[in-house]
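Welcome, and thanks for bringing your viewer along. Load the model, pick a colouring you like, and let us walk through a few stops together.

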Amino acid sequence: MSKKFYITTPLYYLSGTAHIGHAYTTLAADVIARYKKAKGFDVHFLTGSDEHGANIEKVSAQVGKTPQQWTDELASSWKKLWGSLEVEFDDFIRTTEPRHEKPVQRVFELLLEKGDIYKGSYEGWYCLPCENYLDEAELVNGKCPLHDCKVEKTHEDTYFFRLSKYQQALLDYYEKNPEFLSPKTRSKEIINFVKSGLQDTSISRSKVGWGIPIPGDEKKTIYVWFDALLNYATAVGLGAKLGMPEGGKLAGGKNFDEYWPADVHLVGKEIYRFHAVLWPAMLMALGLPLPKKVFAHGWWTVNGEKMSKTRGNVINPEDYARDYGVDVLRYFVFREVPFGNDGDFSDAAFAQRYNSELANSLGNLLSRTLNMVDKYIGGKLPGDAYAGGELYRAVAARGAKIDAHMDALELDRALDEIWFAIAEMNQAIDKEKPWAKAKTDPAGLEPFLLDLSAGLKQVAVWLTPFMPATAAKMNAQLKAPRNTAEKMPPLFPRREAAKPQK
Ligand code: MSP
């Protein structure tokens with residue numbers, strides 16, 4: 001049986017439509033999932049929507065809809081978006097589904113019985129958009145530093161999760177599992193945060209109606225993060241594991257233990273702490289194994305500025321996909337920025353990479369190779385078991401490094417390596433000057449041209465997780481027997497316009 005690989009994205013808030021930041025996390029998960037599938041893993045790729053909380057209540061009320069109507073509409077439009085970006089997820093979980101809500105309530109009961117959830121009271125400041133309490137010290141000019149909005153003085157009975165109890169266990173886990181906090185650059189911040197002392201955290205809300213009711217105290221609802229984090233487990237049958245009939249049916253008759261623990265939770269840096277501290281502590285309280293890795297990627301700015309509706313600079317991934325093609329978007333975001341770092345999105349950078357790396361380096365390499373193959377050696381292409389000459393072997397030898405980068409989630413470095421191979425082949429053509437040799441000995445060009453074609457086939461394999469449609473086009477053109485009479489359109493026609501048409 002093949003080894004399983006379970007990867008997740010965060011569950012997106014359905015407060016609006018998706019932008020490039022959301023697409024980034026999901027596309028990364030898709031690239032990794034496709035890569036692992038190609039390597040023979042039994043991949044389970046989960047995404048979904050985070051549908052409870054006061055923000056959703058507010059947004060839906062503004063458009064005169066119930067939260068249920070609103071989230072139904074939005075969830076289907078987000079699903080459609082992922083489809084249009086060639087995202088092949090295996091499951092999409094909505095936190096309003098019974099397969100999620102029921103086990104979340106059960107978890108609450110179990111931890112209450114165990115004493116890891118207890119009732120107390122809270123006095124402090126509440127930020128509505130954060131759906132969270134803030135300490136006096138966290139306020140800036142009396143306002144929430146993140147939303148720059150007023151906060152409300154609050155005193156209420158609440159349920160606490162005994163996070164403090166897991167401080168040492170978390171530190172031990174980080175130490176014994178150095179891969180857990182990824183990339184390495186993010187681990188220090190988390191370790192210092194945990195070392196500085198963990199406080200028990202409030203996990204109930206009395207002012208939020210649109211949420212999962214607390215069993216036995218139904219006027220209160222469960223804090224959205226406590227609710228949402230559990231999706232990673234409920235989606236793969238936590239309910240059934242806890243002996244509940246609503247556990248949900250899993251594909252292929254699988255059960256919770258076959259999927260859990262997750263191999264990678266991919267998240268943006270701003271929600272890393274929830275995933276690296278609260279979530280593992282919740283799992284420890286439940287006596288469940290911890291995920292193998294939580295990976296935080298960086299944030300996109302646009303032309304050096306924070307992306308925001310008020311600035312009007314929000315990048316809609318569909319505009320770029322429509323205008324340049326989905327693959328170009330998928331390529332750009334992982335090529336432009338080391339995975340894990342912050343990065344800047346600009347039309348100029350997008351157009352520049354398109355023209356120089358896709359149209360010129362890759363597109364031209366394919367068309368010049370195939371033109372020569374057709375003209376000089378009658379369309380002959382290498383067979384599947386091609387051993388190759390020096391050039392092909394040098395290209396293929398990069399495979400080991402590419403695999404290592406992919407396994408380490410260094411997506412940018414894998415792409416670098418692929419483009420080194422492309423550059424190597426372009427340079428070999430410039431050096432070999434086949435058009436000169438063709439005048440005296442065209443048949444003598446055969447080994448060289450077979451190497452180039454085989455190298456390009458290899459590039460197509462490496463590119464498949466990033467650029468599935470491009471790889472398929474390359475494969476179609478590189479497939480024997482070639483129809484030398486048929487002119488193929490260029491992979492990436494050169495273009496002048498820097499800005500996509502909206
Ligand atoms: N609902 C929570 C997650 C719960 S997971 C149990 C949430 N949702 S979100 O809709 O705000 O989306 C979060 C994801 O979008 C994160 O991975 C985040 O990093 C990503 N991005 C949102 N804006 C972004 C940028 N400007 N740049 C890169 N990614 C960003 O948080």
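## Stop one: strand 13 and its partners

Select strand 7 (residues 181–182) together with strand 13: the two run parallel and are joined by 2 bridges. To see how they line up, show S182, which stands opposite F295 of strand 13.

Now add strand 12, residues 264–268, which also pairs with strand 13 in the parallel sense, here over 4 bridges. Pick out G268 in particular, and you will find H297 of strand 13 as its bridge partner.

Next, turn on the side chains of strand 13, residues 294–297. Which way does each of them point? V294 and A296 go one way, F295 and H297 go the other, and all of them are buried. Side chains in a regular strand alternate between the two faces of the sheet.

Before leaving, select helix 11 (residues 272–286) as well: with strand 12 and strand 13 it makes a β-α-β unit, and that unit is right-handed.

## Stop two: F193 on helix 6

Move to helix 6, residues 187–195, and select F193 there. Is F193 buried or partly exposed? Its relative accessibility is 26%, so F193 counts as partly exposed.

Show what surrounds it: beyond the neighbours within four places in sequence, F193 is in contact with L198, R273 and V277. Try a distance label between the C-alpha atoms of F193 and V277; they are 9.2 Å apart, although 84 residues separate the two along the chain.

## Stop three: helix 2

Select helix 2, residues 54–62, and colour A54, I56, V59 and S60, which are buried. What do these buried residues pack against? Show strand 2 (42–50) and helix 3 (67–84), and you have both packing partners. Then step just past the end of helix 2 to G64, where phi is positive, at about 70 degrees.

## Stop four: E131

For the last stop, find E131 in the loop between strand 4 (117–127) and strand 5 (132–134). This glutamate is buried, yet it has no salt bridge. How far away is the nearest side chain of opposite charge? That side chain belongs to R205, at 6.0 Å.

Display the contacts of E131, leaving out residues up to four places away in sequence: they are G53, A54, N55, Y126, R205, Y223 and V224. One of these, A54, takes you back to helix 2, where A54 is among the buried residues.

As you look around, keep in mind that this is a predicted model.

Methods:
Residues numbered from 1 in each chain as written. Predicted model: local features only at pLDDT ≥ 70, side-chain atom pairs only at ≥ 80, totals over all residues. Heavy atoms only, no water. Buried < 20%, exposed > 50% of the residue type's maximum accessible area, 1.4 Å probe, protein only. Contact = heavy atoms within 4.5 Å. Pairing = 2+ DSSP bridges. Right-handed = clockwise from strand over helix to strand, strands pointing away. Lys, Arg positive; Asp, Glu negative; His and termini not counted. Salt bridge = Lys/Arg side-chain N within 4 Å of Asp/Glu carboxyl O.
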